[in-house]
Amino acid sequence: MNQRSTLSHLDWLEAEAIHIMREVAGQCSNPVLLFSGGKDSICMLRIAEKAFRPGKFPFPLMHIDTGHNYQEVVAFRDKRAAELGERLIVRSVEDSMKRGTVVLKHEGESRNKHQSVTLLEAIEEFGFDCCIGGARRDEEKARAKERIMSFRDEFGQWDPKNQRPELWNLYNARSHKGENIRAFPISNWTEMDVWQYIEREGLELPSIYFAHKRPVVIRQGAIVPVNVPLVSGELTNVAKPGEEIIDLQVRFRTVGDISCTAPVESDADDVAKIVLETATTTITERGATRLDDQTSEASMEQRKKEGYF
């Protein structure tokens, strides 16, 4: 009697992501995988392993570093790339600032949106025709509009009205010289899917994803980490005069530039507890933790039009 095996929803999502990543490798001549050390890009590394091992990845890894990233995440990024034996390219917003291509309005301005400039410079420097990223449609309204193979013009800009159809899972990653594609293999995943996949695969994570004590202030209703040490040893996000610093048990749902990534109050100190906590939340991870997205409802869409991930 034939036994019919049933794939779980994670198996389906994983198979789709592997297929997309192989499509990129097959159609593009010089792709790159964006790897920040965050949970989504950690899942992307596992997908790449399943798609291409025991061979080397058919692309390098790249991180656009603002210079204001959490020490724990940067250390994990370097450690994971070394473990895999894959080439890691790091390009810094601070280098763009030295070249004068990025100019901050003031010293305390978030560097997050300026990653677009550094990314476009890196694409031109290496001639990449596709950047593989870990963005998901459930994160934010603008990302929900985006195709799995998202076309960017010769200026690196995204036009939501000028995207290619993706019927029957047929993906078109072709581009002319100077144009590029942003490919999102886990576009159809949710935050819950990511955490369940991490749990199933036993993936290692930076420590800041788990509950820990951290000095914070409450600023405009958000939990803001303060006096955070950079890799250089310098402190950033210094508390403002009159703000009360408290030690709070928090974890990060998403990680990025220190200036705009807020933690949430939590006691979840392992992946199983995070899965349970994620199942009961009513606020998206970016809505709860990304301060730069709260400036306006269209802030993410505007940044993507300018070349953001």
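# A guided tour, starting at Asn237

Select Asn237 to begin, and show its surroundings: leaving aside residues up to four places away in sequence, Asn237 touches Val224, Pro225, Val226, Asn227, Val228, Ile258 and Ser259. The model on your screen is a predicted one, and every distance given on this tour is computed from it. Asn237 sits in the loop between β10 (235-236) and β11 (246-251), and with a relative accessibility of 15% it counts as buried. Now display its side chain, which reaches the backbone oxygen of Pro225 at 3.0 Å, while the backbone oxygen of Ile258 lies 3.4 Å from a polar atom of that side chain.

Before moving on, zoom out to take in the whole protein chain, whose secondary structure comes to 10 helices and 12 strands. Of its 309 residues, 53% count as buried. If you consider the contacts in the chain with a separation of 6 or more, residues 24 or more positions apart account for 74% of them.

Next, select Asp138, in the loop between β4 (130-132) and α6 (141-145). Asp138 is partly exposed, its relative accessible area being 30%. Its side chain makes a polar contact with the side chain of Arg136 at 3.0 Å, and it also reaches the backbone nitrogen of Glu191 at 3.1 Å. When residues up to four places away in sequence are not counted, Asp138 touches Trp189, Thr190, Glu191 and Thr284. Add Thr284 to the selection and measure between the C-alpha atoms: Asp138 and Thr284 are 146 residues apart in sequence, but 7.8 Å apart in space.

From Glu191, follow the chain along helix α7 (residues 191-201), where eight of the 11 residues are buried, so that the helix is largely enclosed by the rest of the structure. To see which residues these are, colour Glu191, Met192, Asp193, Val194, Trp195, Tyr197, Ile198 and Glu201, the buried residues of α7. Just after the helix, pick Gly202, which has a positive phi, near 65 degrees.

Now select the cysteines Cys28, Cys130 and Cys131, keeping in mind that a search of the whole structure finds zero disulfides. The sulfur of Cys28 has its closest cysteine sulfur in Cys130, at 4.2 Å, which is too far for a bond, the cut-off for a disulfide being 2.5 Å between the sulfur atoms. Cys131 is in no disulfide either, the nearest cysteine sulfur, that of Cys130, being 6.7 Å away. Are Cys28 and Cys131 buried or exposed? Cys28 is buried, with a relative accessible area of 7%, and Cys131 also counts as buried, at 1% relative accessibility.

For the last stop, turn to the second largest pocket, which has a volume of about 280 Å³. To find it, select Ile123, Glu124, Phe128, Gly178 and Glu179, which lie nearest its centre among the 15 residues that line it. Which helix gives the largest share of this lining? It is α5 (residues 115-126), from which three of the lining residues come. Colouring the lining by residue type will show four nonpolar, six polar and five charged residues.

How values were computed: Residues are numbered from 1 along each chain as its sequence is written. This is a predicted model: local features need pLDDT of at least 70, side-chain atom pairs count only at pLDDT 80 or more; totals for chains, interfaces and linings use all residues. Side-chain values use heavy atoms; hydrogens and water are left out. Helices (H or I, at least four residues) and strands (E, at least two) are DSSP runs, numbered from the N terminus. Buried means under 20% relative accessible area, exposed over 50%, partly exposed in between (1.4 Å probe, protein chains only). Contact means heavy atoms within 4.5 Å. A polar contact is a pair of N or O atoms within 3.5 Å; within protein, one must be able to donate a hydrogen and the other to accept it, and residues adjacent in sequence count only if both atoms are side-chain atoms. On a 1 Å grid over the protein atoms alone, a cavity is a set of points where a 1.4 Å probe fits but cannot get out, and a pocket is an open set with protein on both sides within 12 Å along at least five of seven lines; lining residues have an atom within 4 Å of a point. Grid points are joined across faces, edges and corners, and a volume is the space filled by probe spheres set on the points. Ala, Val, Leu, Ile, Met, Phe, Trp, Tyr, Cys and Pro count as nonpolar, Asp, Glu, Lys and Arg as charged, and the others, Gly among them, as polar.
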